[in-house]
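Okay, thanks for squeezing me in, everyone. Let me put the structure up, and then I'll talk through a few parts of it.

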Amino acid sequence: MASSPEDPPLFHSRGRYPGAVIRNRHPALFALRLTALLILLCAAAAPVLALDSQAIFERNEQAVYQIHVVNRDTGKKSSIGSGFIFDRPQHLATNYHVVSQFIEKPDRYELRFVASDGTEGPLRLVAVDAVHDLALVEADAPFGDPLQVSEPPPKGAALYAMGNPLDLGLTIAAGTNGGVLSQTDDSRILFSGSLNAGMSGGPTFDERGTVVGINVSTARNDISFIVPTRYLQSLSVANVVPAEDFRRVITQQIREYQIRYLQGMIDGAWPSTDLRRMRVPGAISPTVRCWDASPKPKDEHLYRRFSISCKNENDIYLSDTLEVGKILYEYLWIESDHLEPLRFYRLYQALNNSQFSSKADKDDVERFRCDTQFVDLSGQTFKTTVCARGYKNYPGLSDLLFSAAMVGHDRQGFIFNLDLSGTDFSAASRLIVRMLEGLQWLP
Amino acid sequence: MASLIVEIQSRHGAQYHRIDTPSLRLGRALDNDIILADPSVSPYHCIVHRNDNGSYTLKSLADENGIRIGGRRIEDPVTVDHLPLVFDAGRTRIRILDPAHIVAPTRMISCHGGSVCMFGHWGWALLLFALLTLISAFDNYLSTPLTLTWESFWRDQAIIMMVALGLVVSLLIINRITSHRWDLPSSLSFVSLLLATALVLDLMIPYADYFFTSPLPGFIVGLAWSLILLPWAMAWFLVRLHHGNTAASIVFVVVLLLPAAYYQLKEIVSHYDLLNTFSKRSFYSDTLSPWDRRLQSTLSIDEFSAMSIPTVSPDTADR
């Protein structure tokens, strides 16, 4: 229950005036009574400071709006989300992915809001932060008073998320704060409540009723994510960006973030992992998690295969076919005591088939361009391929595929694959080089 | 002039008649000199008669389908002067031949040397089939990085052999159609040789790909195989070995192989990314070889970073 400057005053509307002074002629008794009063005060203050979900709902339902992406031709909503009054009376804060359809095709769609009392109106896009999945929209007329924002409460504290799940109407979901997640590059808070589609963009309150985050996504039942409010502050901008320019702004945001993110990795210290006779970089960032991915061995196999798979968890939603900022890498080791080299290499070659996994199609990206060379890594020769393709609608972003397979050993093979989506080409190239330098052959 | 020969061609082969009489009448009725069974032939269709000066004249007797020479309907009598004279009576093809007409060479049953021996001899047929079995078994062995059990190995081998024998039977049938003969040894030899060659090429292409660090060798070989080698081999088989009609054989081969060739061509074009159209796949040389024989030299990481990586940059300015 830490107090902060934004704490609501002790003079609560519940009518009690706890600051009353008790007069007493007996100093000792006075001290005792004062102590009793203070205790009473503290006990009384606790329920006064913390609101329940009903109170939070009642106080804030007027400030939470539905945001619809409407097809201009049919007049019907194509996707829905939520938003709340933020920073200025006519501004609503919401998620980037709630309005992304409109950004992709502004002549096909339009944005509209729906209030809890049913009133509707058009919305304009003011600003976006694609990296943190935030957007700011505005209407002509003010909505009301902007909600108060503050920093998230401690881990374990109660959180309440409001929104319009599955278009069932405005509700509030209760849960607890699971803490800021380092694997999301500190850009997400874990929420144990149940968020569902439609609640994106809605506010999450602490138990004092201030907004501490904005609903963004869910992994499964009771594992949901909130964007902390500090990222919203950067959205308070004065100038409106014209609709045609949003793609360029988004590309720039993502590119700058990628450069910072990757450079942070390149400059950082990496833990090493030994995979049989190769020492390899482990998790190259707090945002990366590595798992064992070795296939189950069978008795009739005349070889042994081990593999480690690592990926990051802070991908950025760009559209329903494009998720950028993904980093995936894997190490495969294969060895045999019994197979002749010809047989071994048949198998080894069959494993060397890295392809980029993505939903992007020909409207989103160009063809891959590849180059294959033989490179000396830690005294071993690797057949190395690097492939890249650019994004058509976001020029400056690229997908990269990298694959290196060790040659020169009769019965041992090692493959290193690395995929990066929607990244900056130069920064990604530097990361590749740094990772190659981190491979070490153990004699 | 010696008596001319009339050749009646039908599905069952050809019938030959010497023109001994001053006139020879052909038709479907049973009181003709040459009786034809084809229902498109009129009862009294045409007549060949000897003139006073010794030459012959061909004359149509019926109006329904008449006589066609070179596809054109002939109404007036024709002097038989350029031999062989080929005409159609209805759907029956008839040739008038000079007895001095040179016939096709004798087909040797048992050969005395020469490469064509391979395709007539049971010994060769079985040898080539054994070779195919060995090569496919070797390929099967290479593809199985597991403890070999007789049943799994033989099951895979049996499948390959069934496919080969299926092709042999298909070829036998084609053979029968073009040369009216069942010729198992030559079909077996031919299929075995062709499949063995295909397997050997398949085994060698990855090494060529690795050597040149390029998918080009595979592309060239694949294209040459399905568009040139295979059709040529089949046509050669039908024409040279079985003396089938050249034009007919070529047409037959093209029609037979066209769907397969088209499919192969499509596969090659997309696999080797020839048209540079969009594909979600990235195309690169992913072959590996236990003997590291190649043209490309090994680079250091710095050289790779400076020379190779920039060549794939989507920004043309970087490249």
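I'll start with a barrel and the helix that goes with it, and then move on to salt bridges.

Before anything else, keep in mind that this is a predicted model.

So, the barrel. In chain A, 6 strands close up in the order S7-S8-S9-S12-S11-S10, with antiparallel pairing. Going from one strand to the next, the twist averages 45°.

Let's look at one of those pairings. Strand S8 of chain A covers residues 171-180, and 2 bridges join it to strand S9 of chain A, residues 189-191, with the two running antiparallel. If you want a spot to find on screen, Asn177(A) stands opposite Phe191(A) in S9(A).

Now the helix. Which strands does helix H2 of chain A lie across? That would be S7, S8 and S10 of chain A, and H2, residues 53-60, runs at about 40° to S7(A). The buried residues in H2(A) are Ala55(A), Ile56(A), Phe57(A) and Asn60(A). They pack against S7, S8 and S10, and also against strand S1, residues 64-71, of chain A. As a reminder, an α-helix has 3.6 residues a turn, so residues three or four places apart point the same way.

On to charges. How many salt bridges does the structure hold over all chains? There are 22, and I've picked three.

In chain A, Asp337(A) and Arg304(A) meet through their side chains at 3.5 Å, N to O. This pair links distant parts of the chain, 33 residues apart: Asp337(A) sits in the loop between strand S19 and helix H6, while Arg304(A) is in strand S16. Is Asp337(A) buried or exposed? Exposed, because its relative accessible area is 52%, and the cut-off for exposed is over 50%. Arg304(A) comes out at 35%, so we call it partly exposed.

Chain B gives us the other two. Asp88(B) forms a salt bridge with Arg93(B), and their closest N and O atoms are 3.0 Å apart. Here Asp88(B) counts as buried at 15% relative accessibility, whereas Arg93(B) is partly exposed at 40%.

Then there's Arg294(B) with Asp292(B), at 2.7 Å, N to O. This time the arginine, Arg294(B), is buried, at 16%, and Asp292(B) is partly exposed, at 23%.

One more thing, back in chain A: salt bridges with shared partners tie Arg276(A), Arg304(A), Glu335(A) and Asp337(A) into one network.

That's my tour, thanks for listening.

Note on methods: Residues are numbered from 1 along each chain as its sequence is written. Chains are lettered from A and ligands numbered from 1 in the order in which they are written. This is a predicted model: local features need pLDDT of at least 70, side-chain atom pairs count only at pLDDT 80 or more; totals for chains, interfaces and linings use all residues. Side-chain values use heavy atoms; hydrogens and water are left out. Two strands pair if DSSP finds at least two bridges between them. Helices (H or I, at least four residues) and strands (E, at least two) are DSSP runs, numbered from the N terminus. Axes are lines fitted to C-alpha atoms, for helices over the stretch in contact, and angles run from 0 to 180 degrees between N-to-C directions. Contact means heavy atoms within 4.5 Å. Buried means under 20% relative accessible area, exposed over 50%, partly exposed in between (1.4 Å probe, protein chains only). A salt bridge is a side-chain nitrogen of Lys or Arg within 4 Å of a carboxyl oxygen of Asp or Glu.
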